[in-house]
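Please find below a colleague's note on aromatic side chains, written for someone meeting this structure for the first time. The points are best read with the structure open alongside.

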Amino acid sequence: MVQFISSLIGNDFFATLVMSFFPLIELKGGIVFARGVGMGFLESFALAYLGSTLVFFPIYFLLKPLLNLLKKIKFISKLAVKAENYCVEKADTALKSQQEKGKSSKLSLTLLKQLGVFIFVAIPLPMTGVWTGTAIAVFLNLRFRDAILPVIIGNLVAGLIIAGLAQLCMVIWSIIALDYILYGLFALAVIFLIVLIVKVSKQKTENKD
């Protein structure tokens, strides 16, 4: 998988940026790919972190306008509504989780929202990361200055975890093992994409009733 992507794109630096920018794969795939082609710890981390963090800006500024535009197009309007409802649901879940944990604290609502976004981005699993974390921030109505900090710090934490695990994997097994991990990440991405489609479809059916 590593060699295939490397030969397909032709430039390992650019390939790392593309991998880390891609939804569901993001930072995780970028770091694993970069280490797999022989990049060092800091180099692979920096490129993957940069690529995945840059996603924040188009999502933050374009997500709502794009959904509003799609809702005006007849044949995909229902899908756009359900996608928006899914994002709202994820945002509500993240906020409620932090409100439950912070009942005894005096944290402001904005800080609770920021903590929800940070934790969501910092956990390096499929369906978590900058793409979904930024969407949550958007639908929590966080201002730009309040949204960007938890996203970039959460992404930093996730990146350090993944980079550390990749380094450990290379020490215990070999660089070849990273190729299998990359296969696994792509497989998980496909599985979670299917799950996401099913969830949106179910929500669509429920909203019709």
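1. Phenylalanine 56 is a suitable place to begin, since in this predicted model the residue has a relative accessibility of 0% and therefore counts as buried, the cut-off being under 20%. Phenylalanine 144, by contrast, has a relative accessible area of 31% and is partly exposed.

2. These two residues, phenylalanine 56 and phenylalanine 144, form an aromatic pair with 5.7 Å from centre to centre and 55° between the planes, an arrangement classed as tilted. Because phenylalanine 56 lies in helix α5 (residues 56–70) and phenylalanine 144 lies in helix α9 (residues 144–172), their pairing ties together parts that are 88 residues apart in sequence.

3. Which residues do ring pairs link into a cluster? The cluster is made up of Phe56, Phe57, Tyr60, Phe61 and Phe144, and it thus includes both partners of the tilted pair described above.

4. The structure holds nine aromatic pairs. One of them joins phenylalanine 21 and tryptophan 131, whose rings are edge-to-face, with 6.5 Å between the centres and an angle of 80° between the planes. Here the partners belong to helix α2 (residues 12–21), which contains phenylalanine 21, and helix α8 (residues 130–139), which contains tryptophan 131, so this pair ties together parts that are 110 residues apart in sequence.

5. As for the surroundings of that edge-to-face pair, are its members buried or exposed? Phenylalanine 21 is partly exposed, at a relative accessible area of 36%, and tryptophan 131 also counts as partly exposed, at 29% relative accessibility.

Technical notes. Residues are numbered from 1 along each chain as its sequence is written. This is a predicted model: local features need pLDDT of at least 70, side-chain atom pairs count only at pLDDT 80 or more; totals for chains, interfaces and linings use all residues. Side-chain values use heavy atoms; hydrogens and water are left out. Rings of Phe, Tyr and Trp (its six-membered ring) pair if their centres lie within 6.5 Å; planes under 30 degrees apart count as stacked, over 60 as edge-to-face and the rest as tilted. Helices (H or I, at least four residues) and strands (E, at least two) are DSSP runs, numbered from the N terminus. Buried means under 20% relative accessible area, exposed over 50%, partly exposed in between (1.4 Å probe, protein chains only).
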